[in-house]
Every structure is written in structure tokens, then in C-alpha cells.
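Biologist: I would love a close look at one part of this protein. Could you walk me through it and how it sits among its neighbours?

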Amino acid sequence: MNKSNSAMVPELTVTDFSNSLDFYTNTLGFKVRNLRENPNFAYLIKENVQLMLEQSHEDGWNIAVTSYPMGNGINLQMQLIDIEPLYQRLKADKIVFYRELKEVWYDIGDELSGRKEFLLQDPDGYLLRFSQFLGERNK
């Protein structure tokens, strides 16, 4: 398990910690690096992707009233080596996708950067974009 520090590790406030932890570990395949109580908290890893979950509580770092969908206006891109096995497993489990698997090429200036990606929402509505880098090519 990768224990290196990441330059950015999102911490998601969740409304039902047990449900969210189950979703991230059993449904998406994250591994628990650290788990604690009061408030419930988990540090999760999948390949080089790291994120934290914390049960919503009175002393949390919420700057406004939160409601579903959480994280409105952002998506969390999680780059994996190969997203196809995860996508196929989620599809077999009848997970509802926000956007089905597709290949996209983004303009990055003089070149295009390719990705395979799909998007889904977690139990609190956070938008998760699983991505696989395909390389770069000329426009």
C-alpha cells in the first residue's frame, strides 16, 4: 500500500460514515490506511489516489449548511492505471453512472491529452471522475 504523502488529499464530509466507508471500500475498492472514531474518520488509498472521509459533526470544518448533493460544482478526478475492470464491476453491480465510460481528448495547448473516464456519485452526491491516461497527441 502506497504510504507516500500526496500534494492534495481531499477530505469529504459525509452524512452516514458507515455507508460511505462501505461504498468506498467494498464498492470502489479503496483500502483503509487509517481509521478512527469520535468523529468517525478514514484515510483511504487506491493506487496513488488518496482521500479522507469524516462523519459530519458540529465542530466540523463546514463553512455553510450542507445538503445533497455535497460538493456541488466540483468533481474529484481519480487517475488509475486501468479503469476498465472497475467500470465493468460497477456496471455488473448495477451502479448508476453520471457519465458512462468514454474516451475523451482535452486541448492542452499545442497537443491533446487523452483519457478514458467515467463519472458517478457517491452516497452523498460527491461527483467522482475515474480516469485513465491514454497519452498525448498532436492536434
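Biologist: Let's take helix α2 and what comes after it: which residue with a positive phi follows α2?

Modeller: Happy to help, and please keep in mind that this is a predicted model. The residue you are asking about is Lys 94, which follows α2 with a positive phi near 60 degrees. The helix itself covers residues 84-92, and Leu 86, Tyr 87 and Leu 90 are buried in it. Viewed down the axis of α2, these buried residues fall within an arc of 100 degrees, so they line one face of the helix. The general rule behind such a pattern is that an α-helix has 3.6 residues a turn, so residues three or four places apart point the same way. On the face of α2 turned away from the buried side you will find Pro 85 and Ala 92, both exposed.

What lies over the buried residues? Their cover includes the helix α1 (17-27) and the strands β3 (41-46), β6 (97-107), β7 (111-121) and β8 (127-138).

Now for the wider setting. The largest nonpolar core has 27 residues, and those with the most contacts inside it are Tyr 24, Phe 30, Phe 118, Leu 128 and Phe 130. Helix α2 supplies at least two residues of this core, as do β1, α1, β3, β4, β5, β7 and β8. The largest share, four residues, comes from α1. As for Phe 30, its contacts beyond four places in sequence include Tyr 24, Leu 44, Met 78 and Phe 130.

One of the strands covering α2, β3, is joined to β2 (residues 31-36) by five bridges, and the two run antiparallel.

Key: Residues are numbered from 1 along each chain as its sequence is written. This is a predicted model: local features need pLDDT of at least 70, side-chain atom pairs count only at pLDDT 80 or more; totals for chains, interfaces and linings use all residues. Side-chain values use heavy atoms; hydrogens and water are left out. Buried means under 20% relative accessible area, exposed over 50%, partly exposed in between (1.4 Å probe, protein chains only). The arc is that of the directions from the helix axis to the C-beta atoms. Contact means heavy atoms within 4.5 Å. A nonpolar core is a set of buried Ala, Val, Leu, Ile, Met, Phe, Trp, Tyr and Cys residues joined through side-chain atoms within 4.5 Å. Two strands pair if DSSP finds at least two bridges between them.
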